[in-house]
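Please open the structure in a viewer and keep the selection panel at hand. The tour below proceeds stop by stop, naming what to select and what is to be found there.

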Amino acid sequence: MMSKEREMMTKAEILELIAKSAREIIPGLEGHVFKESDQLSALGANSLDRAEITMMVQESLALTIPRVELSGAKNVGDLAELFLAKLKQA
Amino acid sequence: MNVFGGTAYLDVAELARHRKLDNARFENLLMKQKAVALPYEDPVTFAVNAAKPVVDALSSAEKDRIEMLITCTESGIDFGKSLSTYVHHCLGLNRNCRLFEIKQACYSGTAGFQMAVNFVLSRVSPGAKALIVATDISRFMVAEGGSALTEDWSFAEPSGGAGAVALLVSNRPHVFQVDVGANGYYGYEVMDTCRPMPDAEAGDADLSLLSYLDCCENAFLEYRKRVGGVHYRDSFQHLTFHTPFGGMVKGAHRTMMRKMVQAKPAEIEEDFHRRVVPGMSYCQRVGNIMGATVLLSLASTIDNAQLAGPSRVGCFSYGSGCCSEFYSGVVTPEGQARQRRFAIKSQLDGRYALSMEEYEAILRGSDGVKFGTRNVQPDIGFIAGAYESGRRKGRLYLREIKEFHREYEWSS
């Protein structure tokens with residue numbers, strides 16, 4: 001992804017990336033419509049799954065920052081906000 | 001090197017049922033048993049019980065050349081006096097010996113090992129040996145409450161173990177020949193898991209996992225940069241990981257294979273079974289023994305690997321807080337045969353199986369030997385079967401704490 005494109009990303013687009021990665025990792029989420037208040041753990045993702053989902057999104061965004069900077073999100077909306085903030089700094 | 005994986009153990013599937021942990025999530029831990037410290041066992045008894053067979057295998061002239069004894073632990077019993085002084089006494093080592101302790105969470109064993117390697121390589125005392133003993137126990141008093149503590153912390157109980165690993169480092173390495181200078185280290189400040197109070201642990205399991213993965217990648221990249229021509233899949237016949245629980249290692253291996261080698265799932269699975277699983281066997285039976293875990297995994301790799309000839313083992317060590325390192329060494333079939341003389345697997349097989357009631361009784365009694373205990377005589381008849389099972393093996397146990405001073409005795 002080009003840096004210009006990255007800067008233009010919206011929260012909805014990042015949420016979609018999170019949803020796409022979550023569907024790949026967690027079986028049974030194919031039909032799930034993601035809301036900002038969704039918690040990955042409540043959807044059946046254990047800590048390893050959550051780490052993997054975060055990494056997949058990070059890779060799609062070509063965002064090279066330490067994983068630990070992406071911890072602490074309470075739900076997928078929070079996580080999308082975190083990614084947005086990191087993209088702005090990148 | 002030798003491992004002491006406890007006198008008694010608990011079947012952790014039984015514990016998970018008892019605690020009503022989510023079964024699917026428990027299965028992901030890939031844990032089978034955990035060693036449990038009895039009231040008359042402490043980090044010193046674990047350390048000595050691991051080191052004794054190693055020292056006993058030496059001639060008295062060789063034993064006298066142990067000039068450095070480092071204990072590596074996060075289960076210290078005194079802020080000033082180190083465990084190494086007791087270990088030195090119980091093993092009857094030469095007094096011309098440096099005695100001290102190293103702390104950096106689960107990285108401590110590697111820190112001690114690397115210090116010993118550098119001491120031997122420096123040749124400031126040619127022919128001298130160093131004895132490294134990583135020893136950690138968890139008596140399972142978790143710090144309660146606090147918003148940062150995640151529910152996942154309940155999964156720390158089935159994986160938290162007790163044990164010690166002793167290594168003798170010399171200029172004649174038989175078992176594991178260190179690749180000199182092949183070290184990639186990586187550390188920074190992070191508050192993932194810690195022991196902020198004398199007998200309790202606290203942590204954020206998610207953050208710790210992310211930090212572990214960050215380190216796994218960056219320590220290896222630094223190793224690769226320094227060594228040159230290194231390939232994650234082809235340069236190491238086996239991989240050893242710090243193993244808080246098996247599932248974490250599986251996840252880290254998958255991430256590394258995907259990132260470094262662009263491997264597909266089927267290849268990752270095959271590689272995991274061939275290169276990683278031999279090192280997980282002992283860890284699955286002892287539990288997380290913090291500073292000693294990566295060395296426990298290394299012992300497991302050396303004992304259980306199928307070796308056709310000299311093979312390189314890549315080791316990844318991580319300690320919360322944090323510091324990490326990727327390093328390597330070579331093992332041979334001859335070294336493996338030598339290592340197997342310590343019969344670690346049969347030691348583990350011979351442990352006493354605790355019932356859930358006995359385990360709960362041990363937890364309730366943990367207070368009796370907590371940090372800062374001034375006077376106590378632990379009851380060796382507490383779980384009679386457990387003491388009996390170790391008695392004939394000539395094990396060290398804690399007889400008494402008298403005005404803070406610990407007195408030990410060999411069982412007979």
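## Stop 1: a helix pair within chain A

Select residues 11–25 and 76–89 of chain A: these are helices α2 and α4, which pack at an angle of about 115 degrees with their axes 9 Å apart. The model on display is a predicted one. Viewed along the line joining the two axes, α2(A) and α4(A) form a right-handed crossing. Show the side chains next. From α2(A), the contact draws on A:Lys11, A:Ile14, A:Leu15 and A:Ile18, and from α4(A) on A:Val76, A:Leu79, A:Ala80, A:Glu81, A:Phe83 and A:Leu84. Sorted by class, this contact of α2(A) with α4(A) has eight nonpolar and two charged residues, and no polar ones.

## Stop 2: chain A as a whole

Now select the whole of chain A. Its secondary structure comes to four helices and zero strands, in the pattern α-α-α-α along the sequence. The radius of gyration of chain A is 12 Å, close to the 12 Å that the globule rule gives for 90 residues, so chain A is as compact as a globular protein of that length. Along the principal axes, the C-alpha trace of chain A spans about 35 × 25 × 20 Å.

## Stop 3: where chain A meets chain B

Display both chains. How many residues does each chain bring to the contact? Chain A supplies 10 residues and chain B supplies 15 residues. On the side of chain A that touches chain B there are five nonpolar, three polar and two charged residues.

Within this region, select residues 47–60 of chain A, helix α3, together with residues 205–227 of chain B, helix α8. The two helices pack at an angle of about 55 degrees, and their axes are 10 Å apart. That angle makes α3(A) oblique to α8(B). The crossing of α3(A) with α8(B) is right-handed. On the α3(A) side, the contact is made by A:Ser47, A:Leu48, A:Arg50 and A:Ala51; on the α8(B) side, by B:Ala205, B:Asp206, B:Leu209, B:Leu210 and B:Leu213. By class, the residues of this contact between α3(A) and α8(B) are six nonpolar, one polar and two charged.

## Stop 4: the four-stranded sheet of chain B

Stay in chain B and select the strands β9, β14, β13 and β12, which in that order form an open sheet with mixed pairing. Which strands stand at the edges? They are β9 (177–187) and β12 (238–241) of chain B; each has a single partner strand, so one side of each is left without a neighbour in the sheet. On average, neighbouring strands of this sheet are turned by 15 degrees against each other, direction ignored.

For the pairing itself, select residues 311–319 and 323–331 of chain B: strands β13 and β14 pair in the antiparallel sense over nine bridges. One position to label is B:Cys315, whose bridge partner in β14(B) is B:Tyr327. Helix α8(B), already met at the contact with chain A, packs on this sheet, touching β9, β13 and β14 of chain B, and its direction makes about 130 degrees with that of β9(B). Add residues 293–304 of chain B, helix α12, which lies across β12, β13 and β14 and runs at about 155 degrees to β12(B).

Next, zoom in on the loop between β13 and β14 of chain B, where B:Cys322 lies. A cis peptide bond joins B:Gly321 and B:Cys322, with omega at about 0 degrees. As background, most peptide bonds are trans.

## Stop 5: the three-stranded sheet of chain B

Select β3, β2 and β15 of chain B, an open sheet of three strands in that order, with mixed pairing. The edges are held by β3 (33–36) and β15 (352–353) of chain B. Strand β2 (residues 8–11) of chain B runs antiparallel to β3(B), and four bridges join them. Among the paired residues, B:Ala8 has B:Val36 as its bridge partner in β3(B).

From β3(B), step back to the loop between α2 (23–29) and β3 of chain B and label B:Leu30. Phi of B:Leu30 is near 55 degrees, a positive value in a residue other than glycine.

## Stop 6: chain B as a whole

Finally, select all of chain B, which has 16 helices and 17 strands. Its C-alpha atoms fill a box of roughly 55 × 55 × 40 Å along the principal axes. For 412 residues, a compact globule would have a radius of gyration near 22 Å, and the 20 Å of chain B agrees with that.

Notes. Residues are numbered from 1 along each chain as its sequence is written. Chains are lettered from A and ligands numbered from 1 in the order in which they are written. This is a predicted model: local features need pLDDT of at least 70, side-chain atom pairs count only at pLDDT 80 or more; totals for chains, interfaces and linings use all residues. Two residues are in contact if their C-beta atoms, placed from the backbone, lie within 7 Å. Ala, Val, Leu, Ile, Met, Phe, Trp, Tyr, Cys and Pro count as nonpolar, Asp, Glu, Lys and Arg as charged, and the others, Gly among them, as polar. Axes are lines fitted to C-alpha atoms, for helices over the stretch in contact, and angles run from 0 to 180 degrees between N-to-C directions. Angles under 35 degrees count as roughly parallel, over 145 as roughly antiparallel, 65 to 115 as roughly perpendicular and the rest as oblique. A crossing is left-handed if the near helix is turned anticlockwise from the far one by less than a right angle, and right-handed if clockwise. Two strands pair if DSSP finds at least two bridges between them. The radius of gyration is taken over C-alpha atoms; the globule rule is 2.2 Å times the number of residues to the power 0.38.
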